[in-house]
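Dear colleague,

I am passing the structure on to you below, together with some notes on two of its helices. Please look through it before you read on.

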Amino acid sequence: MKENLITLGIESSCDETSVAVMKNGREILSNIISSQVDQHKKFGGVVPEVASRKHVENISYVINEALEIAGVTFKDIDMIGVTYGPGLVGALLVGLSTAKALAYSLNVPLVGVNHIEGHIYANFVEYKDLEPPFVCLIVSGGHTHLVHMKDYGVYEVLGKTRDDAAGEAFDKVARAIGLGYPGGPLIDNLAKKGNKDAINFPRTYLEDGSLDFSFSGLKSAVLNYLNNSRQKGIEIVKEDVAACFQQAVIDVLVDKTISAAEKKGLILKYPSLKLCTDNAAMIGCVAYYDYIKGHGADMYLNVVPNLKLGEKL
Ligand code: ZN
C-alpha cells in the first residue's frame, strides 16, 4: 500500500453538499461545506426535491474547490469515499452518482460510507490519537443513538430514540415558539437568556436500565404548556421555554450516556462545531479505515435511505 493515501470524500445525504480531501484518514487537506440552509429556511425544514436540485447545481463547484484548497488534482486521488445512506434518497443519489463517475474515470476504488458512522469518525479527525473502544452519543435532526464502538467498524447500539430524534424535537419546539429553522442553534441562543428552572418539563427515562430515548412526550409537554398559557392569558417567556426545554433534553442525553459508560475516570471528547455538522472529512475518514480493512464497493452500489449503523453491504 502507498505510504500516503489520498481520499476524496463526498457527502450529500441531507442539505449540505460537502467534499473533502483527506490524507491517511485523519488529516484534512480540505473540507468544503456548501450549506443549503437558506434555501430551506422559508419552508421551515428541508424540502427533499429542493435539496436534490441544489446538490446537482453545487457538487462540481464544491469538488473543484476542495481539490484547489488541498493543492491536489484528480491524478492525486487514490480512492473515493461517499455517503450511501441513511438520508434523503434523491440527495444521496447525487453524491453517489458523482462518486461512481469519478471512481470509474479515475480508475480508483469506491467505498460506500454510512453517514452515522461518519459522525462517530469525526472524533478521529479531531483527535489524532483516539482509538476505540468508547461509548459514543450521536445526536442530530435525524438520529439519537448511544453506541459502544468496540473497534473500527464494529458497533453495538446500546440505545436509540423510540420516536423523535432530539434535533427533530428542537425543530418542532422552535416552530411552536415562533423561531425559524433550524431549531437547534436558535433555541440554544435564546436559552442563554432564559431561566432553566422556570418551568418543570418532564424527563423521559423509560424503563429501568433502558438506554433508549423518547422525546415526543417532552415535545407535547411544551406544546401543552404554550396552549394552556395562551388560554389562561399567562405571558409566555420564550427564553424560559427554550432554556427549560433544552435542559430537559440535555439531562436525559447526559444521564444515559454516563450510565452507559464505565465510571472510572471518564474522559469526554467531542468534535469541533464544524466537524459536528454534516461534512465530507468524516466520510473520507470512514472510507480510509474501511478500505484498509479490505472493504470496497463496485458500480452496483445503490443508496440505502434507511441504512442502519453496523449494516454493511
Ligand atoms: Zn448528519
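The notes below take the two helices in turn.

This is a predicted model, in which local features need pLDDT of at least 70 and side-chain atom pairs count only at pLDDT 80 or more, while totals for chains, interfaces and linings use all residues. Residues are numbered from 1 along each chain as its sequence is written, and side-chain values use heavy atoms, with hydrogens and water left out. Helices are DSSP runs (H or I, at least four residues), numbered from the N terminus.

Helix 4, residues 115-126, reaches 17 Å from its first C-alpha to its last, close to the 16 Å expected at 1.5 Å a residue (the expected span being 1.5 Å times one less than the number of residues). Eleven of its twelve residues are buried, so helix 4 is largely enclosed by the rest of the structure; buried means under 20% relative accessible area and exposed over 50%, with a 1.4 Å probe and protein chains only. Among the buried residues are His115, Glu117, His119 and Asn123. At the N-terminal end of helix 4, asparagine 114 acts as a cap, with a side-chain oxygen 2.9 Å from the backbone nitrogen of isoleucine 116.

Helix 7, residues 216-232, has 17 residues that should span 24 Å, and its end C-alpha atoms are indeed 24 Å apart. Its buried residues are Leu218, Lys219, Ala221, Val222, Leu226 and Ser229. Seen down the axis of helix 7, they fall within an arc of 160 degrees, so they line one face (the arc is that of the directions from the axis to the C-beta atoms). Gln231 and Lys232, on the other side of helix 7, are exposed. Glycine 233 follows helix 7 and has a positive phi, near 70 degrees.

With best wishes

Technical notes: Helices (H or I, at least four residues) and strands (E, at least two) are DSSP runs, numbered from the N terminus. A polar contact is a pair of N or O atoms within 3.5 Å; within protein, one must be able to donate a hydrogen and the other to accept it, and residues adjacent in sequence count only if both atoms are side-chain atoms.
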